[in-house]
Protein chains: 2
Amino acid sequence: MARRGGRQQRLMERTSGPKEVLRPQTKRATPPVDLLSAADIDRIHDASLAILARTGVHFMGEGARNFLARHPGIQVDQMSEFVRFDETIVENALSQLPSQFTLHARNPRRSMVLGGDNITFANVVTPPFVDDRDAGVRDGSFDEMKRLLKLYQMLPALDMCLGYPVEPLDLSPETRHLDGYAAHAVLTDKPWRAYTLGDDRMFDALEIARIARGIDAKTMEREPSLLANVTTNSPLRIDEPMGEGLMTMAKRMQPVSITSFAMIGAIAPITLAGAIAQQNAEILAAIVLSQLSRPGTPLLYGSFSTNVHMKSGAIAFGNPELAQAMLISGQLARRYGMPFKAAMGTGAKVVDVQAGYESQYLLSAAVMAGGHLCAHSIGFMESALTVNREKIIADSEMVELMRGMVAKVEVSNDTLALESIHEVGPGGNFFETQHTIDRYETAFWQPRLADWENRQNWIEKGGERADERATKIWKELEASYLAPAIDAATRDELDDYVTRRKIEIDAACAA
Amino acid sequence: MARRGGRQQRLMERTSGPKEVLRPQTKRATPPVDLLSAADIDRIHDASLAILARTGVHFMGEGARNFLARHPGIQVDQMSEFVRFDETIVENALSQLPSQFTLHARNPRRSMVLGGDNITFANVVTPPFVDDRDAGVRDGSFDEMKRLLKLYQMLPALDMCLGYPVEPLDLSPETRHLDGYAAHAVLTDKPWRAYTLGDDRMFDALEIARIARGIDAKTMEREPSLLANVTTNSPLRIDEPMGEGLMTMAKRMQPVSITSFAMIGAIAPITLAGAIAQQNAEILAAIVLSQLSRPGTPLLYGSFSTNVHMKSGAIAFGNPELAQAMLISGQLARRYGMPFKAAMGTGAKVVDVQAGYESQYLLSAAVMAGGHLCAHSIGFMESALTVNREKIIADSEMVELMRGMVAKVEVSNDTLALESIHEVGPGGNFFETQHTIDRYETAFWQPRLADWENRQNWIEKGGERADERATKIWKELEASYLAPAIDAATRDELDDYVTRRKIEIDAACAA
């Protein structure tokens, strides 16, 4: 197999002008990194089981509680609303999880496998603000969201669109999801992930994903077509919309990433082992709800646990605690045989050296942790408050670097090149050998943003910082946007659905 | 064991004002990452043996050639000056290598173990230029070198000083090494590494290291006190000064890092497997010379192989090829049971987002590769042409982040905190628990450079980029310099040695 992060990618990137950019999915040749021993991972698992059996999880929605209460091995305390789980029911649920699944895009060549040795990278999820060197920081809007969707469509580094690229604050909150999801479905043909905001909105997202793919509900059950995310409310709570979303997605066999955003020392114990044990108990409880709703529903194990910076009260992004929480969470996901969603970020406000090293540090950790979906890896700034277009370009380069690092290296008679080495001999050079000539055009990774020239050349070209150069790159990409093909009937059906649902929602609001 | 990258480090960093900054050596809890299978590593090893047996290595120094010619299993062609090695003599040499050793500093508490689960980080080696936001880019000088040595002495992230911090271009080339090494020995008490510039200068470095530690030559043989570096001349050449340096260091049992800087596609095959096979053949030849000179001499396996950027002709720093070459080289070092020297860099000219992500990318790769000595990890700019003081600060933060990522996480009843989780319960918070109160002061990593505050607070504090903030940090560190204690007799002996040798060298030059 060719180096997926290597030659094929470069061949695609070298194409210029508006055309469809497709790439094969990146597969990793490097194994994930284990920070803890298997025995310590077992201890954390056992601690989570003990939490579930003794303390329990507060399921805030009556529907989820009543559903869970019907199953042996689950005790629901209707006073406290706490739900306690026996070990057996947890282990049963875990045994039903698929280890990988394909998330189908409306363009089948963009479908992505989540699990195994496959990796995907995705954007920062729904920040309220957008920033670039052109116009500065401003509120998110539907126009900005659509602009970003178009940029994401053209960005080879981005495999999947998560949530809204920026919050469309100018849209009515009641129907925002309809316009937002329809825009996803029309402006991009990459796989996408919706919000979990209760039954009705979840159902709207499912229908929009189904219509966009032109399939029926039965086919969709066999072909996961929409990802959703459920975030637990640490400590040990799953609120009503999240519980409903889990059950709705399970009924349709659609995949969900279950994420704990446990702030260590605030809403989780201050020690990492305890914080992860609690995070894991929350995720296990959600897994049980999902698998009891429909065994075999695909799930991802998600972690975004980090600490609060004691000096400023800010959430820490770019810290060893977050990196280590990812590494341990990845090990738990592997123990459970389920795909892993890693998540990263930076606290930087400007696209400076801090933005670079914090993002690259956590991206490296996400890949080391065995992330199958590396969420928030593109565009993230200011603790997820802002998406920044120059940062999108810088992050894309980081993502390409990681794809290249984990790519398979072929060791064969051909690549060992012993004849060539002998022919050149000590003190010679390889420029003129046939072995080099046959390969030099596509041999090496090409940076898009990085400048490697000497200082004199760089000054002569304008002496720009990387963030200044990035502006030109996103403008070129934006200008190159090609709307992915969609047939008229599908487009009409989507429009009709959105129109009809808006009328229903407006009527319900008025009533 | 406490988290070495964690609590103890933070306790030290929180101390303010001029005082000695000491830290325990960082140990890694994460295993290195294998990119290739063991079978593929064996294939590369076998290919290197085939190169050594068939093509051979050009030893350019007569001394080394004649010495090697005396050993069975080695064939020296006196016409071509190529030296060919049988497999047995290579395997014999490999079997004599120590798997780890201590590099003794003149302050014993700063001695560092190279090998095992220990990691060290060091500066960019001898760039000709120095840069900072204060005075811009200028030529290296002895004054700048001494200023940098003082900064390195105060920098907790830096474990070891390699080469000259900047080339002292204003010193006479004939005696530069005497002033440079004496400055190392006096201004810092960290372990250090000298150049390999032939017999005489190597001997001067050894004597300066010995005098600074106040030991005799016999003790020094048991206690490695000076590291040197030998770089092969790819393809398949070892020049006279390098060969002499290897033999001189071996005679004194002092450690050497053997590095191949094979530019892939130029002075090495364009395919990674072949480039590494050639690099490995060069390093194996050097290992044989060293171990025949004195079996058991400690060595490090070094790789700095990367490609040339085809568009600009620049050496690529911040590319998957360099990262993958490090990963494979680390595997070879582990196969040979010897410590590994990783090396990294960036092509950036300014301390911008590119400088951040390229450096952090390769630093992550160096740690993943199992680097025992992560060379060039502090201050590197512009393909090693420049050392930059703001970058020193940014890199120090990256190094601290890596120390934190690989630190051991304790999983125990105490850290699992089940009682605390039960006491807080669903929906509560952990601020007031005794478990939190007992730990919050030292629980989390504290950034020195990163700003995690919200945009409003950051703007009110001046809205500075990280590189602007870094200027203040290095100025504070410089101002806090405390000269490490040295007794007057040692100081006199060093001065006498330098004075005497300068007279000898001047006389020899005049003759």
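Let's start with how the two copies meet. Of the interface residues of chain A, 100% are also interface residues in chain B, so the copies meet through the same surface. Keep in mind that this is a predicted model.

How is chain A laid on chain B? By a turn of 180° and a shift of 0.0 Å along the axis, with an RMSD of 0.0 Å. The two copies are thus related as by a two-fold rotation axis.

Now one helix pair across the two chains. Take α13 of chain A, residues 389-406, and α11 of chain B, residues 320-336. Their axes come within 8 Å and cross at roughly 35°. The crossing of α13(A) past α11(B) is right-handed.

Which residues make the contact? From α13(A), we have Leu401(A), Gly404(A), Met405(A) and Val406(A). From α11(B), Pro320(B), Ala323(B), Gln324(B) and Leu327(B). Sort them by class, and the contact has six nonpolar residues, two polar ones and no charged ones.

Next, the aromatics. Over all chains, the structure holds 20 aromatic pairs. Here is one of them: Tyr164(A) with Tyr181(A). The ring centres are 5.9 Å apart, and the planes make an angle of 40°. That counts as tilted, because the tilted class covers planes that are neither under 30 degrees apart nor over 60.

Where do the two tyrosines sit? Tyr164(A) is in the loop between β10 (161-162) and α6 (176-187) of chain A, and Tyr181(A) is in helix α6 itself. They are 17 residues apart, so the pair links distant parts of the chain.

Buried or exposed? Tyr164(A) is buried, with a relative accessible area of 4%. Tyr181(A) is also buried, at 0%. Both values count as buried because the cut-off is under 20%.

The pair has company. Tyr164(A) and Tyr181(A) form one aromatic cluster with Trp192(A) and Tyr195(A).

Last stop, chain B. Look at Thr126(B), in the loop between β7 (118-123) and β8 (129-131). Thr126(B) is buried as well, with a relative accessible area of 11%.

What does Thr126(B) touch, leaving out residues up to four places away in sequence? Gly163(B), Tyr164(B), Pro165(B), Glu167(B) and Tyr195(B).

To recap. The copies meet through the same surface, related as by a two-fold rotation axis. Between chains, α13(A) crosses α11(B) at roughly 35°. Within chain A, a tilted tyrosine pair belongs to a cluster of Tyr164(A), Tyr181(A), Trp192(A) and Tyr195(A). In chain B, Thr126(B) is a buried loop residue.

Key: Residues numbered from 1 in each chain as written. Chains lettered and ligands numbered in written order. Predicted model: local features only at pLDDT ≥ 70, side-chain atom pairs only at ≥ 80, totals over all residues. Heavy atoms only, no water. Helix = DSSP H or I, 4+ residues; strand = E, 2+ residues; numbered from the N terminus. Buried < 20%, exposed > 50% of the residue type's maximum accessible area, 1.4 Å probe, protein only. Contact = heavy atoms within 4.5 Å. Least-squares fit on C-alpha atoms with pLDDT ≥ 70 in both. Axes fitted to C-alpha atoms, helices over the stretch in contact; angles between N-to-C directions. Left-handed = near helix turned anticlockwise from the far one by under 90°. Nonpolar A, V, L, I, M, F, W, Y, C, P; charged D, E, K, R; others polar. Phe/Tyr/Trp six-rings, centres within 6.5 Å; stacked < 30°, edge-to-face > 60°.
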